[in-house]
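Trainee: I would like a close look at one part of this protein. Please take one helix and follow what its side chains do.

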Amino acid sequence: VKLAQERGVRLVVSLPPDQEQAFLCGITESYSAVLDALVRIQAEKATAFNPTDRDNIFTAIRKTVGFPALNHAVKDQLRDWYLDTAGKLAEREADRASLVSGATVSSGSNSQNSSSSSSS
């Protein structure tokens, strides 16, 4: 993560459509829950299928950036992703709402036009 940041590599997280919707609901209903999740990031509590892999990874972390710096870097990357994704999803929902309300207004005005022309 640290090396990726130094080289300008962005974290990319892809969510399936149903999880995007759940994410959007989560941030609109409980914004603090998402922020709390970011605060609780602790790489030193990570697990691995193979305990030797975990030990080797932890050794590499301790010899390089250390857990506090790694946790900070992960939080920064996830926070940036969170804000970017939340903004994009909010824009998309606003666009959908505009389309729906525009379609309702259009169909409503068409039915008024057809009823006024048929009564003449």
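Mentor: What follows is a walk along helix α5, with its partners taken up on the way.

Start with the setting. This is a predicted model. The protein has five helices and zero strands. Read along the sequence, the pattern is α-α-α-α-α. Buried residues account for 18% of the 120 residues. Take the contacts with a separation of 6 or more. Of these, 78% join residues 24 or more positions apart. Helix α5 covers residues 67-119.

Now the core. The largest nonpolar core holds eight residues: F23, L24, I27, V34, W81, Y82, A86 and L89. Two elements give two or more residues each to this core, α2 (17-29) and α5. Helix α5 supplies the largest share, four residues. Look at L24 from this core. Beyond its neighbours within four places in sequence, L24 is in contact with L89, A90 and E93. L89 belongs to the core as well.

A second core lies apart from this one. It has five residues, including A43, F58, I61 and F67. Two of those named, F58 and F67, also form an aromatic pair. The count of such pairs comes to one. Their geometry is edge-to-face. The ring centres are 5.0 Å apart, and the planes meet at 80°. An angle over 60 degrees is what puts the pair in that class. How buried are the two partners, by relative accessible area? F58 has 6% relative accessibility, so it counts as buried. F67 has a relative accessible area of 10%, so F67 is buried too. The cut-off for buried is under 20%.

The F58 side of that pair leads to helix α4. Helix α4 spans residues 51-63. Does its length fit its residue count, or not? At 1.5 Å a residue, its 13 residues should span 18 Å. The expected span takes 1.5 Å times one less than the number of residues. The end C-alpha atoms are 18 Å apart, so the expectation and the model agree. The N-terminal end of α4 is capped by N50. A side-chain oxygen of N50 lies 2.9 Å from the backbone nitrogen of T52.

Back to helix α5, at N71. N71 lies in this helix. With a relative accessible area of 8%, N71 is buried. What does N71 touch, not counting residues up to four places away in sequence? The list is I41, Q42, A43 and E44. Of these, A43 is also a member of the second core.

Next, the charged side chains. The count of salt bridges comes to three. Take R79 and D76. They form a salt bridge, with the closest N and O atoms 3.1 Å apart. Why are they about one helical turn apart? R79 and D76 are three residues apart in helix α5, which means a separation of about one turn. Their accessibility values fall into separate classes under the cut-offs. R79 has a relative accessible area of 36%, so R79 is partly exposed. D76 has 18% relative accessibility, so D76 counts as buried.

R79 has another partner, D80. The side chains of D80 and R79 meet in a salt bridge at 3.6 Å, N to O. D80 is partly exposed, with a relative accessible area of 44%.

Then come D84 and K88. Their side chains meet in a salt bridge at 3.2 Å, N to O. D84 and K88 both lie in helix α5. They are four residues apart, about one turn of the helix. D84 has 30% relative accessibility and counts as partly exposed. K88 has 52% and counts as exposed. The cut-off for exposed is over 50%. Salt bridges with shared partners join D76, R79 and D80 into one network.

To pull the threads together: helix α5 gives four residues to the largest nonpolar core. The buried N71 lies in α5. R79 bridges to D76 and to D80. D84 and K88 form a bridge within α5.

Methods: Residues numbered from 1 in each chain as written. Predicted model: local features only at pLDDT ≥ 70, side-chain atom pairs only at ≥ 80, totals over all residues. Heavy atoms only, no water. Polar contact = N/O pair within 3.5 Å; in protein donor to acceptor, adjacent residues only side chain to side chain. Core = buried A, V, L, I, M, F, W, Y, C linked by side-chain atoms within 4.5 Å. Buried < 20%, exposed > 50% of the residue type's maximum accessible area, 1.4 Å probe, protein only. Contact = heavy atoms within 4.5 Å. Phe/Tyr/Trp six-rings, centres within 6.5 Å; stacked < 30°, edge-to-face > 60°. Salt bridge = Lys/Arg side-chain N within 4 Å of Asp/Glu carboxyl O.
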